[in-house]
Amino acid sequence: FYQKMKADYHRYIAEFADGDKKDKAAEAARYAYSEAKSVAEKGLAVTHPIRLGLALNFSVFQYEVLAQPEQACSMARTAFED
């Protein structure tokens, strides 16, 4: 849960920052989301609300900040179809 909150914090900064600050926040968010996803996949059921929220927030990050709509939709779809 902590890693998800940390990733969300950095995502919010990346959504509104510019230049190098945006890049640093985006990288910190990507790393924290990846860590959170790894922990969630090991310890939470696929239907657990925190795991589902993590997948949704990670996909929003990919869509809004990284401009990767294909990966974002794929991640969200996978989370809700599993």
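A salt bridge is a side-chain nitrogen of Lys or Arg within 4 Å of a carboxyl oxygen of Asp or Glu. A search of the whole structure finds five such pairs. The structure is a predicted model, in which local features need pLDDT of at least 70, side-chain atom pairs count only at pLDDT 80 or more, and totals for chains, interfaces and linings use all residues. Residues are numbered from 1 along each chain as its sequence is written, and side-chain values use heavy atoms, with hydrogens and water left out.

Three of the salt bridges are described here, beginning with D20 and K24. The closest N and O atoms of D20 and K24 are 3.4 Å apart. Both residues lie in helix 2 (residues 19–43), four residues apart, about one turn of the helix. Helices (H or I, at least four residues) and strands (E, at least two) are DSSP runs, numbered from the N terminus. An α-helix has 3.6 residues a turn, so residues three or four places apart point the same way. K24 counts as exposed because its relative accessibility is 56%. The classes are buried (under 20% relative accessible area), exposed (over 50%) and partly exposed (in between), with a 1.4 Å probe and protein chains only.

E27 and R30 form another salt bridge, with closest N and O atoms 2.6 Å apart. These two residues also lie in helix 2, but three residues apart, again about one turn. E27 is partly exposed, at a relative accessible area of 42%. R30 is partly exposed too, at 32%. In a further pair, the side chains of E41 and K37 meet at 3.9 Å, N to O. E41 and K37 are both in helix 2, four residues apart. E41 has a relative accessible area of 45% and is therefore partly exposed. K37 is partly exposed as well, at 33%.

Helix 3 (residues 49–64) contains N57. The helix has 16 residues and reaches 22 Å from its first C-alpha to its last. This is close to the expected 22 Å, a span taken as 1.5 Å times one less than the number of residues. The buried residues of helix 3 are R51, L54, A55, N57, F58, S59, F61 and Q62. They pack against helix 1, helix 2 and helix 4 (69–81). N57 is buried because its relative accessible area is 14%. Not counting residues up to four places away in sequence, N57 touches K4, D8, R11 and Y33, where contact means heavy atoms within 4.5 Å.

L52 also lies in helix 3. L52 has a relative accessible area of 21%, so this residue is partly exposed. Its contacts are V46, T47, A79 and F80, again not counting residues up to four places away in sequence. The C-alpha atoms of L52 and A25 are separated by 23 Å, and the two residues are 27 residues apart along the chain.

A nonpolar patch lies on the surface. F1, M5 and I50 make this patch, which covers about 310 Å². Patches are made of residues with over 30% relative accessible area and no salt bridge; like charges are joined within 9 Å, and nonpolar side chains (Val, Leu, Ile, Met, Phe, Trp, Tyr) within 5 Å. Accessible areas come from the Shrake-Rupley method with a 1.4 Å probe, and for residues only the protein chains shown count as cover. F1 is found in the segment before helix 1 (2–16). F1 counts as exposed because its relative accessibility is 61%.
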